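Trainee: I have a new model open and would like to walk through it with you. Shall we begin with the overall fold and then look inside?

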Amino acid sequence: MLLAVIGEAGSNPGQLKYPGSLAVYGDEVYVADNYNHRIQVFKKKEDDLNTKAVIVAGGGPYPGNRLWDATRLSANFAYYSLIYQGLQKADICYLSSDAGIDLDNNGKADDIVSFTDCSSSAKDCLKEKITNWASDADRLILYLVDHGGENRFSLTADEILTADELNGWLDGFQNDNKKEVIVIYDACNSGSFQPILRQDSQTPPADCPLEIKPRIVISSAAKDQSAYFLNQGTISFSEFFWSEVFNGASLDVASAEAQTLIAHVTSEQTSAYSACGSLKDKVVKIGYGTQYLPDEGEGTITISEISTERIDVKINHTAEISRVWAVLIPENSTVSKDSSIIEFPSDSTIIGFPSQDLQPSDDCGVLAENQKCYSAILNFNEIGSEDSIVAYATDSKGNTFSSAESGTSGLQKIQSLALLISSGDLSEAGKTNISDAVDALRFQGFADTNIRSISPEDIESNLKGQTIDDLIIYINDPENKVSYTEIYEMQNSIRGNLIVIYEGDDSGDIFLPSEGKAPILISAGSVGDEFRLINGTNLSFSGFFWKNIRNGMTLWRAFTHAQENLSLFGLDSNAQLDDNGNGISDENGDGIRSADIRIGRGISLVPNSPLGFFPEIVLKDGETSAVLQVLYTGKSVEKVYAEIKYPYVWEDGEAKKILIPMQNTIGNLYEFLYEDFERFGIYPITFYAEDGKPAFHSTSLFQSSGPDLYEPDDEIEEARFFWVDSPAQLHSFNPEGDTDRVKFHALTGEIYTISAKHQDGRIADCVNIKLSAEEDSYAGKVTYPADKDMILYVTLSTKSSECNDYLLEIYRDTANYNGYLKLRVMDASTGLGIENVSIQRNANEIQTIGHSGTYLMILPSGGPYTVVLNARGYMQGVFSTAEIPETKTVTQDVYLNPVLQPVPVTPTVNEYHPVERLDPDGNPGSMVPIGDRPRIILDPDGNPGALVPIGEEP
C-alpha cells in the first residue's frame, strides 16, 4: 500500500538524482543522493498542519521598474527556503508577471504562475489563490514583495492591492478561528498593513489580543519608512529573513535577526513582528524547521585593512563563496555636507549604495584554517568622514552574511565640482531646472561649496587653482553665450570626467570633436531646436534628467529615461549624447562609456508612485464616452490631470492631444467623464500628479467601433498607399461587411509578406486577403514574390465579429532595415506641410507615406542616399541624406517650391512674369537661383512665349 511519495528529480533540497540507498532511524529517513554527492535527511514535520504558501513578486518587468531584479531575487529565495524546509512544489503558488523561469532545474518553466494565466486581472488571480486554491489548508503563508505605499501594494504596473482588500480575502480563508495566516510583507511603508491585518488597530503588535483570528504579521518597515533592497536585493530584510528561515529559525527569531542585520545599513528601517490569537507567544517554524548548525566561527567576515589604496577582508566559511563585496553606508542613512542634511525620502525604495566587488587574494597576511582572503582597490566617490563601510559575502546556498561596520575617517575622497551656468533672466522653468540640479547634486554627496551657479564669463575664474576629479557643467542658457571650446580645453586639466549637459535653444551646438580626453556631452535637443516644455507644466528634458540623477541612475540611463518620459506626453525628444569624443552624437558606440558612470556617490532610489492606476479601457458597441479614474495615495497634491492623445490625428506635425484636469470625487479618487472617444483606435492616456515631486504613468483606451483613419477605402480608386516595412497599421471593418483596400509599390525580385494580425500578435485567420495579381484569397497571411515592378493592390474583408479590428503589416522578407529618415516636407512659400508626397530613394523605390507633411522611412544603415520627392503642384525636390546610423533617426527638413502659374495680362501692356526655367516642351525644369532667372514673354492671350535673356526684356 503506497502511503506517500518523497522527493522528485532534481538537485535542489528535497530533490534526488539517482538515489542509491536508504536508511530509517526513528522519525528520520536517510537517502544517499548519489549523483548530487550528498546524503539527504527527511523527517516527519513537527506538526500535522496542511500548509500552503503564496509568493507574490509584484510589479513586474515593465519599463522603468528598477526594483524588479531585487523583487525577483527575493521571491526566488523565498521559494527555495520553503522547498528546503519541506513544503512541496504543489503546495506553493508563486505569482508573478514573469513566469519563464525554471526554479527547480527540472527542465520546465512550471514553477511560477503568471497573473495573466489564471484570471482577467492580477487582483482576481490573487484573491482566487487565497480564497479557493488554499481553502483546504490549515495554514496559509503569504509573502509580498515589491513597491509599496501607505495601505497599498503594487501587484503589477497597473494594479494596486489595498490592505483592506487583502484583509477581506484573508477573512474569507479564515472562515473559523482555527486556520492560521502568516503574512510577510517587504516594501516601503509596509508597516501600514499591520493594524488592518491584525484586525485590532488600538493595540501595539506586542499586545495583540488572543480572541482574534490566529495571524502572524511581519512587516519590513514602519508605515512612514522606506525599504532597502541594495545590490539587487542581496542586502534587504527579505534576504536576511529568508536566510534565517532557510536555516531553520523560528519566525520571531528570523524577523529579529533580519532587523539586526538591516541596522548595519540604516537606522531608518524598522521591522515589526506581531502574533495574534492562538499564535501569540507560540514558537512558529515553517515546514520541518530543519536547522543548519555551522562549525564554530563559520560564516564570519571581517575587514582586516581599509585605506585609501585598498580594502582587505577575511572570511571563515566552509561552504563555497559565490560573491564578496563592500558597501559604503552613509551616516544614519543621510548625506551630511557642510551645514546641510539631506534625508532619504520615505516614499522611495533604496536599491543601491556605492559598492564594489572584491576578488580572491593571497596578500592578506597570515590566514587561519578555513579562512579566505578577498581584496580590492577602494574607489568610492564622495566619502564622508562619518560614513562607514560594511563587507558582505554570499555562499553557494544564497545565504548572505556581513562584517561589522568600519569607519572611513581619514580616507581620501574624490573632489568633484559642478558649475551651473546661465545668463540673463531665467524663466520659471529654467529656475525649476536649476533647483532640480542642485537638489540632485547635494543628494548625491556634493558639498554646497562645490555646487556653483555662475554666469558664462565666470567659468575660468571658478576653475583656477582647483584640483578636480570630475567636472560637471550644466548649461541652462537662453542667450547662448557659452564658449564650448573654452570648456573643452579644460578637460585635460582634470583627473576624472568632464560631463556637459545643455538645455536651451540650439543645444545641439555643443557637439565638437575633442583632441584630448573625450568629454561626455548631452544636449536636450538638436541644432535649431527651441527650448521645449510639456504643455501646461514646467517640465522639460532637464527636469526628468536631474530627477534621474538624484535617483542614482547612470548617465546613459538618466538620458534615455528622460527621453522616454517626454514621449509619454507626446513630445518627440531630439536629445542627443556623445561620449566617444568625435563630436558626432548618437552613434553605435555612444552610450557604452556613460552606461557605467554616475554623478556623485551613486545612491540609487526607486520612487514609489503615489498614483494607483486602472486597467486599459475598451469601448464597444458604439460607446464614445468613458470615465477616466486615477487613485492618488500621496500626502498632498496640487493638481491631478490626464493627457489624452488622439489616434492618427495631427496638429502642427504632432499628435493631437488634450489636457484634462481631474476632479476629486471620493476620498483619494480622481475622475473625469470624457465624451469624445469617437475615432476608432488606441488613445494613449498619461495621468500626472503634481505634488512637488511630479508622478505620472501611462495607460490607454481602445475604441473598437467606428471608421478607421483610412476610410473610405471601399473601392479600388480609394485605396491608400501603404509604406512597405513600416510599423503595423490598425484598421477596422466598419460598418459590418466593410471592405478595406491598400496599395504598395512592389519591386522586381523582392519577396513581400502581407499579414493581418490580432492585437495580441496572433495571425487573424478571419481576415481574407486578396492580391490584384492573384485570383485566390488567403486567410490572414500571404507571401508574394514580385516578378516585375508594379503597384500591387490588397483587398481585405471579413464577415467575422472576431475581426472588427486588425493590424495590417506589409514587409519584405529579405530586408534588413535598421535606420530611420524622418522627413518634414513643407511648402517653400507658406511653410505648411505637404501631404501625399511620392518619395523615391536611389531611383528604384517609390512610396507614399506619412501625414501632414511628416514622413518616416526605414533605411539600411549607411548611405548617404539620394532622395527624390514629387507632389502634385510642386517642383521636384532632390537631396542627399546624411549617413544613417543603426537604430537612430536622422531628421531632414525639405522645402518644395510650388509650380507658379502664369499671370494673364492685357494685350495693351507688355509685361513679363518670373517663372522657373522651362524645358523645350514648356514644362518646369531645374531650379534657378533668384536673380538669375530668365524672363518669359506672354503673348496677347496670356500664354507663355519665348524666353528672353535678362536685360533684354521689353
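Mentor: Happily! Helices and strands here are DSSP runs, with at least four residues for a helix and at least two for a strand. Keep in mind as we go that this is a predicted model.

Trainee: How many helices and strands does the protein have?
Mentor: Counting those runs over the protein gives its secondary structure. The totals are 12 helices and 64 strands.

Trainee: What share of the residues count as buried?
Mentor: A residue is buried when its relative accessible area is under 20%. Across the 954 residues of the protein, the share that passes is 51%.

Trainee: Which helix gives the most to the largest nonpolar core?
Mentor: That core has 61 residues, and I55, L82, F241, W242, L251 and F353 have the most contacts inside it. One helix supplies 8 residues to this core, spanning 68–84. The helix you want is α1.

Trainee: And how many residues are in the second, separate core?
Mentor: Look for I520, W546, L577 and I599, which are among its members. The size of this second core is 34 residues.

Trainee: Now the surface: is Y25 buried or exposed?
Mentor: Y25 sits in strand β3, residues 19–25, and joins Y30, I39 and V41 in a nonpolar surface patch. Together the four have about 450 Å² of accessible area. The cut-off for exposed is over 50%. Because Y25 has a relative accessible area of 64%, the residue is exposed.

Conventions:
Residues numbered from 1 in each chain as written. Predicted model: local features only at pLDDT ≥ 70, side-chain atom pairs only at ≥ 80, totals over all residues. Heavy atoms only, no water. Core = buried A, V, L, I, M, F, W, Y, C linked by side-chain atoms within 4.5 Å. Buried < 20%, exposed > 50% of the residue type's maximum accessible area, 1.4 Å probe, protein only. Patch = residues over 30% accessible without salt bridge, like charges linked within 9 Å, V, L, I, M, F, W, Y side chains within 5 Å. Areas by Shrake-Rupley, 256 points an atom, 1.4 Å probe, with all protein chains shown as cover. Salt bridge = Lys/Arg side-chain N within 4 Å of Asp/Glu carboxyl O.
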